[in-house]
Amino acid sequence: MFGLDTVGVRNGMPVFVEANGVARSSSESPVQTLEVSLDTATQDNLIVVAICQIPHNGVTGISDDNQTTYTNLPIGASTPALQSYVYWSRVTKTRSPFKVRVTFDAEGGYSPDLRVAEYANIAELMPVENAGAQTDPSAASIKLMIDVPVVPALVFASSCVGSQATDVTGFTSRVFTTPNGDLIADQIVTTAGPLAVTAGQTDVSGLILQLVAFAGGPLP
């Protein structure tokens, strides 16, 4: 985990804008790229990207219609059966539609999915307050604690599962991928401090939970 040492209050409430996702099943051939389209991406909004796949190879890049540089958060995680990443960027130019792509290495991605969400009213400077990941190779649920030192904040959750995700307790689910069963979800937090988060799935299997806290709009 990493984060800020001080507790503060900002004056911009984060807002969910839209989300979308796509997945390939394990019965299909490995793919070199996956692409998701958002209806409209507005300049300066936050884009968060989550990827889940069978751990066989690597992600070589995230790209979009604006040729944006994406930041790979240091919370990549894996179990023997799963591998998961989270990236973020800002929209540099308003576009409609707006396409985001993930590229895999020469052998391609196995049973991968791509989930993308857009948010408004995220702090321009140092937006990432904290981030972390928890894994379990065989579980029906998993818990992770994240500290949220500056509020209001957006806490983004990515659940990468071996079965079918059910929910992230207390969060609003934005995308469930079919057939892989992974999800992304979020919660707007208005009280600073530690937040305990639980994610579940329908069966006992591999499970990864990744959380990122993004600070709300600029300080008053």
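Which residue is the bridge partner of Val59 in β9? It's Phe104, and the views below show where that pair fits in. First, a word on the model: it is predicted, so local features need pLDDT of at least 70 and side-chain atom pairs count only at pLDDT 80 or more, while totals for chains, interfaces and linings use all residues. Residues are numbered from 1 along each chain as its sequence is written, and side-chain values use heavy atoms, with hydrogens and water left out.

**View 1. A three-stranded open sheet.**
Here the strands line up in the order β3-β9-β5, with antiparallel pairing. (Strands are DSSP runs of E, at least two residues long, numbered from the N terminus; two strands pair if DSSP finds at least two bridges between them.) β3 (33–38) and β5 (59–64) sit at the edges with a single partner strand each, so one side of each has no neighbour in the sheet. From one strand to the next, the twist averages 15° (axes are lines fitted to C-alpha atoms, and angles run from 0 to 180 degrees between N-to-C directions).

**View 2. Zooming in on β9.**
Strand β9 covers residues 98–104 and is joined to β5 by five bridges; one bridge partner pair is Ser63 and Arg101. With β3, β9 pairs over six bridges, and Ser37 stands opposite Lys99. Now follow the side chains along β9: Phe98, Val100, Val102 and Phe104 point to one face and are buried, whereas Lys99, Arg101 and Thr103 point to the other and aren't. (Buried means under 20% relative accessible area, exposed over 50%, and partly exposed in between, using a 1.4 Å probe and protein chains only.)

**View 3. The largest nonpolar core.**
A nonpolar core is a set of buried Ala, Val, Leu, Ile, Met, Phe, Trp, Tyr and Cys residues joined through side-chain atoms within 4.5 Å. The largest one has 22 residues, and those touching the most other members are Val148, Val155, Val168, Phe171, Leu209 and Leu211. Strands β11, β13, β14, β16 and β17 each supply at least two of its residues, with β17 giving the largest share, seven.

**View 4. Around Leu209.**
Leaving aside residues up to four places away in sequence, Leu209 touches Gly132, Ala133, Gln134, Ile142, Leu144, Ala157, Ser158, Val197 and Ala199 (contact means heavy atoms within 4.5 Å).

**View 5. Ile146 in strand β11.**
Ile146 belongs to β11 and is buried, at a relative accessible area of 0%. Its C-alpha atom is separated by 31 Å from that of Gln67, 79 residues apart along the chain.

Methods:
Helices (H or I, at least four residues) and strands (E, at least two) are DSSP runs, numbered from the N terminus.
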